[in-house]
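Biologist: Could you take me through one part of this model in close detail? I would love to hear how two of its helices pack together, and then what lines the main pocket.

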Amino acid sequence: MTHPRKSLDSIIHAPVRFSIAAALASVDEADFKTLRDTIEITDSALSKQISLLEQADYVKVRKAFVGKRARTWLSLTGKGRTALNRHLNALREIAAWDSQAMPGDESET
């Protein structure tokens with residue numbers, strides 16, 4: 001039997017990156033400021049985590065100007081959605097893990 005923790009995604013597992021992926025999963029796209037405020041993180045910390053998620057192709061970054069101001073929008077890619085769903089399923093399996101099924105555990109018999 002393989003423990004479900006082996007299905008956790010090491011990129012999404014970090015709390016801030018997990019929060020980013022979860023927030024983006026519920027929308028088509030979010031602007032940087034809204035995401036920053038939603039997950040309560042600094043600009044620099046969010047930028048760093050977004051870069052890691054973008055390198056993994058989990059997040060797409062779109063930049064444009066609105067008037068004279070640069071704006072950044074973020075969206076979860078298909079690969080990112082798949083990774084998040086697998087990660088969530090692994091967490092659910094871990095939470096539901098049946099300790100009675102552990103080999104050699106006869107304390108409850």
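**A helix crossing and a pocket**

Modeller: Happily! Please keep in mind that this is a predicted model. Let me begin with the handedness: helices α1 and α4 make a left-handed crossing. Helix α1 covers residues 15-25 and helix α4 covers residues 78-95, and their axes come within 10 Å, crossing at roughly 115°. Angles of 65 to 115 degrees count as roughly perpendicular, and α1 and α4 are therefore roughly perpendicular to each other.

Now for the side chains and backbone at that meeting place. From α1 come F18, A21, A22, L24 and A25, and on the α4 side they meet R81, L84, H87, L88 and L91. Sorted by character, the residues of this contact are eight nonpolar, one polar and one charged.

The pocket has another make-up. The largest pocket holds about 180 Å³ of space. Around the largest pocket, the lining consists of D31, F32, K33, R36 and D43, together with R69, A70, R71 and T72. Two elements, α2 (32-39) and β3 (69-76), each give two or more residues to this lining. Strand β3 provides the largest share, with four residues. By character, the lining of the largest pocket divides into six charged residues, two nonpolar and one polar.

So, to put the two places side by side: the contact of α1 with α4 has eight nonpolar residues and one charged, whereas the lining of the largest pocket has two nonpolar and six charged.

Methods:
Residues are numbered from 1 along each chain as its sequence is written. This is a predicted model: local features need pLDDT of at least 70, side-chain atom pairs count only at pLDDT 80 or more; totals for chains, interfaces and linings use all residues. Side-chain values use heavy atoms; hydrogens and water are left out. Axes are lines fitted to C-alpha atoms, for helices over the stretch in contact, and angles run from 0 to 180 degrees between N-to-C directions. Angles under 35 degrees count as roughly parallel, over 145 as roughly antiparallel, 65 to 115 as roughly perpendicular and the rest as oblique. A crossing is left-handed if the near helix is turned anticlockwise from the far one by less than a right angle, and right-handed if clockwise. Contact means heavy atoms within 4.5 Å. Ala, Val, Leu, Ile, Met, Phe, Trp, Tyr, Cys and Pro count as nonpolar, Asp, Glu, Lys and Arg as charged, and the others, Gly among them, as polar. On a 1 Å grid over the protein atoms alone, a cavity is a set of points where a 1.4 Å probe fits but cannot get out, and a pocket is an open set with protein on both sides within 12 Å along at least five of seven lines; lining residues have an atom within 4 Å of a point. Grid points are joined across faces, edges and corners, and a volume is the space filled by probe spheres set on the points.
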